[in-house]
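This briefing describes the fold of one protein chain, topic by topic. Please read it alongside the sequence and the structure shown here.

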Amino acid sequence: MAKKQYAIIGMGRFGSSVAKALSGMGFDVLAIDSDEQRTQEISGIVTHAVSADSTDEEALRALGIRNFDVVVVAIGEDIQASILTTLILKDLGVPAILVKAKSELHGKVLSKIGADKVIYPERDMGMRVAHHLASPNILDYIELSPDYSILDMKVPRPMLGKNLQELNIRAKYGCNVMAIRRGEEMNITPRAEDRLADGDVLVIVGHKDNLTKLEMAYQ
């Protein structure tokens, strides 16, 4: 299976955070910003970095933007540029468009013009968004420290019907299943023989590198 390709437009604090996180997880990332200095700063981290005006349809077309699986519009203060960029991406047929909103009203406009997901940085930190993009099974991702994190992972299809002993997550990935959430119930003392059902959510803690290996294994 080919790796997903991501384009991030806007290399401010949020956009660069998403770009760095996705690159660190091994994905191809195109970073775009109108400021050449910002693209130079990120160029050594992402796959490609270019300086371009995202409100210029021909510029985006020339970059082959429609060939990317997901485009994240992380433009900061310029609401007009954010909206126009989103409209252009929609017209060009980009499969999935995620856009950073500055306010609830901005977000409503973005949703109406075709954004597949609206991101509010106050609630969705760059790291959380990156992990959700890489693996739709990841419902939440919280950093406990610079090295350790906790994630909520919707049980993927290959895990269904298996118990924790059969999955052996601790031995294979060095991560610990702290709890299993089923509907409104939270099992905080999961047993080795507990079998996983569709809709279950695993609460897993571990080193960031180990969590990434687990995510990629069940992407």
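Two strands count as paired if DSSP finds at least two bridges between them. The model discussed here is predicted. In it, strand E2 (residues 28–33) and strand E3 pair in the parallel sense over four bridges, and Leu30 stands opposite His48 in E3.

**Sheet and annotated domain**

- UniProt, in an unreviewed entry, places the feature "domain: RCK N-terminal" at residues 3–119.
- Over residues 3–119, 41% of the chain is helix and 23% is strand, with the end C-alpha atoms 23 Å apart.
- Six strands form an open sheet with parallel pairing, in the order E3-E2-E1-E4-E5-E6.
- Strand E3 (48–51) and E6 are at the edges of the sheet; each has a single partner strand, so one side of each is left without a neighbour in the sheet.
- On average, neighbouring strands of this sheet are turned by 15° against each other, direction ignored.
- Helix H4 packs on the sheet, where it touches strand E1 (5–9), strand E4 (70–73) and E5. The direction of H4 makes about 180° with that of E5.

**Helix H5 and its surroundings**

- Which residues of helix H5 (residues 104–112) are buried? His106, Gly107 and Leu110 are buried there.
- These buried residues lie on the same side of H5, because they cover an arc of only 100° around the axis.
- Leu105, Lys108 and Lys112, on the other side of H5, are exposed.
- The packing partners of the buried H5 residues are H4, E5 and strand E6 (117–119).
- Gly114, just after H5, takes a positive phi of about 120°.

**Nonpolar cores**

- The largest nonpolar core has 24 residues, of which Ile8, Leu22, Val70, Val72 and Leu133 touch the most other members.
- Two or more residues of this core come from each of E1, helix H1 (13–24), E2, E4, E5 and helix H6 (126–134).
- H1 gives the most to this core, with five residues.
- Not counting residues up to four places away in sequence, Leu133 touches Lys4, Tyr6, Val18, Leu22, Val70, Val72 and Leu98.
- Another core, of 23 residues, lies apart from the largest one and has Val71, Leu89, Ile97 and Val99 among its members.

**Two individual sites: Gly93 and Ser149**

- Gly93 is located in the loop between helix H4 (79–92) and strand E5 (96–100).
- Is Gly93 buried, partly exposed or exposed? Gly93 counts as partly exposed because its relative accessibility is 43%, and the partly exposed class lies between the limits of 20% and 50%.
- From Gly93 to Tyr148 the C-alpha to C-alpha distance is 38 Å, and the two are 55 residues apart in sequence.
- Ser149 is in strand E8 (residues 148–154).
- The relative accessible area of Ser149 is 0%, so Ser149 is buried, a class that requires a value under 20%.
- Leaving aside neighbours within four places in sequence, Ser149 is in contact with Tyr141, Ile142, Glu143 and Leu144, and also with Ile204, Val205, Gly206, Lys208 and Leu211.

Key. Residues are numbered from 1 along each chain as its sequence is written. This is a predicted model: local features need pLDDT of at least 70, side-chain atom pairs count only at pLDDT 80 or more; totals for chains, interfaces and linings use all residues. Side-chain values use heavy atoms; hydrogens and water are left out. Buried means under 20% relative accessible area, exposed over 50%, partly exposed in between (1.4 Å probe, protein chains only). The arc is that of the directions from the helix axis to the C-beta atoms. Contact means heavy atoms within 4.5 Å. UniProt positions are given in the numbering used here, feature names are shortened, and annotations may be inferred rather than shown by experiment. Axes are lines fitted to C-alpha atoms, for helices over the stretch in contact, and angles run from 0 to 180 degrees between N-to-C directions. A nonpolar core is a set of buried Ala, Val, Leu, Ile, Met, Phe, Trp, Tyr and Cys residues joined through side-chain atoms within 4.5 Å.
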